[in-house]
Amino acid sequence: MADGTVFTTQRLRRARFAVAAVFCVHGAVTGSFATRIPWIQEHAGVGAGQLGLALAFPAIGASLAMPLAGAISHRFGARTALRGLLVLWTLALTLPSLAPNVYGLCAALLVYGATAGMSDVAMNALGVETENRLGRSIMSSLHGMWSAGALLGSAAGTVAAHLGGDARLHHLIAALVLTVLGVFFCQGVLDLRSAPDEAAPPRFSLPPKSALVIGAIGFCGVFAEGASLDWSAVYLKDELGTSAGLAAASTTAFALTMAVARLVGDRVVDRFGAVRTVRVGGLAATAGGLLVVFAPHAALAMAGFGLIGLGVAVVVPLAFAAAGRSGPNPSQAIAGVATITYTSGLIAPSAIGGMADATSLLFSFGLVTLLTFGLVLGAGVLRAGARTGGGTVAETAGAGAREGVR
């Protein structure tokens, strides 16, 4: 979005806080939904296989709808587009719990995923533009706020489930509260608009080549994240014989590690640069994968999962930031990277399960370890494509201020 408006430092700081709060609201919707999946499954009367099929529809909806976000932002401006798309996303939280059967659930989750994906692209594109104008890394902490929001949403959902609350009422209340918060915080984000002579992006298009290359790095990071998040507890229980409680605690610890690492990751990126940060993170994640594969007991395996979480935590935020700098249309590039990462998150759990059935979980996490080493080899693509015009960092902070892209 080529908006040449120059903002004061104070205004940019307020905008950073506002967009961080938007990320938190977005994450809270996901956390609120995830904790009530068992209730939704029982209410809709679907089996495990049907539920697995239905849970593929959010990613399908997101992948189909994300390319629309750029055209919407171009037409209405970044702030208005984000506000509208975020409202659709928060209100979509009410749909899955209303589904009477598997067909209704699939339809509800398709809409849920579509609104999630479009608002995701809009807020990441605005986050990248805010980062460019500030002249320092903020994308890692923004995604950390998303993780914090997901934890808050899941905590509230856990309480509601423990009290035996009806998910329809729970999600209605959560949706209304999050909608009000989202609209309020959207007022503080930058009101960026396309130049009058700027061509509108296509409604649907293939991701640009730059997005495919950067997305490959995101794919590796998200695959390792999804595999560890969904299968770490199973691995500890089945492969190392730990108790169910300890195995479940490892998943929570992994999620917390990811959130904390993202919240503090910007300082590391500003100090060492995106490429070096991802390379070192890839080495840490690879070491963690090796520890998981060769660990003789649970403590070392849990430490290995922690290293994986620490190593991949900033990969997706930095991939989005690199995509936003890689060409004249940040939303289109970010949509391409988001599509690839969503796909990775979709296939990772089932791919790990399929390989485990054919071989073993040990072999599956050997593959995860190879993918984390791919971060070391491919981190260099994150340095490419720093934009130099239209209200980006060169205009507001100087060409040398972007240490985070080197």
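Is Leu229 buried, partly exposed or exposed? In this predicted model, Leu229 has a relative accessible area of 33% and is therefore partly exposed, since that value falls between the limits of under 20% for buried and over 50% for exposed.

## Leu229 and the largest pocket

Leu229 belongs to helix α10, and its C-alpha atom is separated by 8.9 Å from that of Phe305, a residue 76 positions away along the chain.

The largest pocket of the model has a volume of about 1,800 Å³. Its lining is made up of 47 residues, and those closest to the centre are Thr30, Trp146, Glu225, Leu229 and Gly345, so that Leu229 appears here again, together with Glu225. Helix α11, which spans residues 244–272, supplies the largest share of this lining, with seven residues. Sorted by class, the lining holds 27 nonpolar residues, 16 polar residues and four charged residues.

## The second largest pocket

The second largest pocket encloses about 240 Å³ of space. It is lined by 14 residues, of which Val268, Thr277, Gly281, Leu310 and Val314 are the closest to its centre. Two or more lining residues come from each of the helices α11, α12 (274–294) and α13 (298–312). The class division of this lining is nine nonpolar, four polar and one charged.

## Salt bridges

Side chains of opposite charge can pair when their charged atoms come close. Over the whole structure, the search finds four salt bridges, and three of them are described here, beginning with the pair that includes the pocket residue Glu225.

Glu225 and Arg262 meet through their side chains in a salt bridge with an N to O distance of 3.6 Å. The two residues are 37 positions apart and link distant parts of the chain, with Glu225 in helix α10 (residues 209–240) and Arg262 in helix α11. Glu225 and Arg262 are both buried. Arg133 and Glu129 form another salt bridge, in which the closest N and O atoms are 2.8 Å apart. Both of these residues lie in helix α7 (residues 102–134), where a spacing of four residues corresponds to about one turn of the helix, and Arg133 and Glu129 are each buried.

The salt bridge between the side chains of Arg168 and Asp166 has an N to O distance of 2.8 Å. Arg168 is classed as partly exposed because its relative accessible area is 36%, and Asp166 also counts as partly exposed, because its relative accessibility is 28%.

## Helices α4 and α9

Helix α4 covers residues 57–65, and its buried residues are Pro58, Ala59, Gly61, Ala62 and Ala65. These residues lie on the same side of α4, because they cover an arc of only 165 degrees around the axis.

Thr179 is located in helix α9, which runs over residues 167–186. With a relative accessibility of 14%, Thr179 counts as buried, because the limit for that class is under 20%. The side chain of Thr179 reaches the backbone oxygen of Ala175 at 2.6 Å.

Key: Residues numbered from 1 in each chain as written. Predicted model: local features only at pLDDT ≥ 70, side-chain atom pairs only at ≥ 80, totals over all residues. Heavy atoms only, no water. 1 Å grid on protein atoms, 1.4 Å probe; cavity = no way out; pocket = protein on both sides within 12 Å on 5 of 7 lines; lining within 4 Å. Points joined across faces, edges and corners; volume = space filled by probe spheres on them. Nonpolar A, V, L, I, M, F, W, Y, C, P; charged D, E, K, R; others polar. Buried < 20%, exposed > 50% of the residue type's maximum accessible area, 1.4 Å probe, protein only. Arc of directions from axis to C-beta. Polar contact = N/O pair within 3.5 Å; in protein donor to acceptor, adjacent residues only side chain to side chain.
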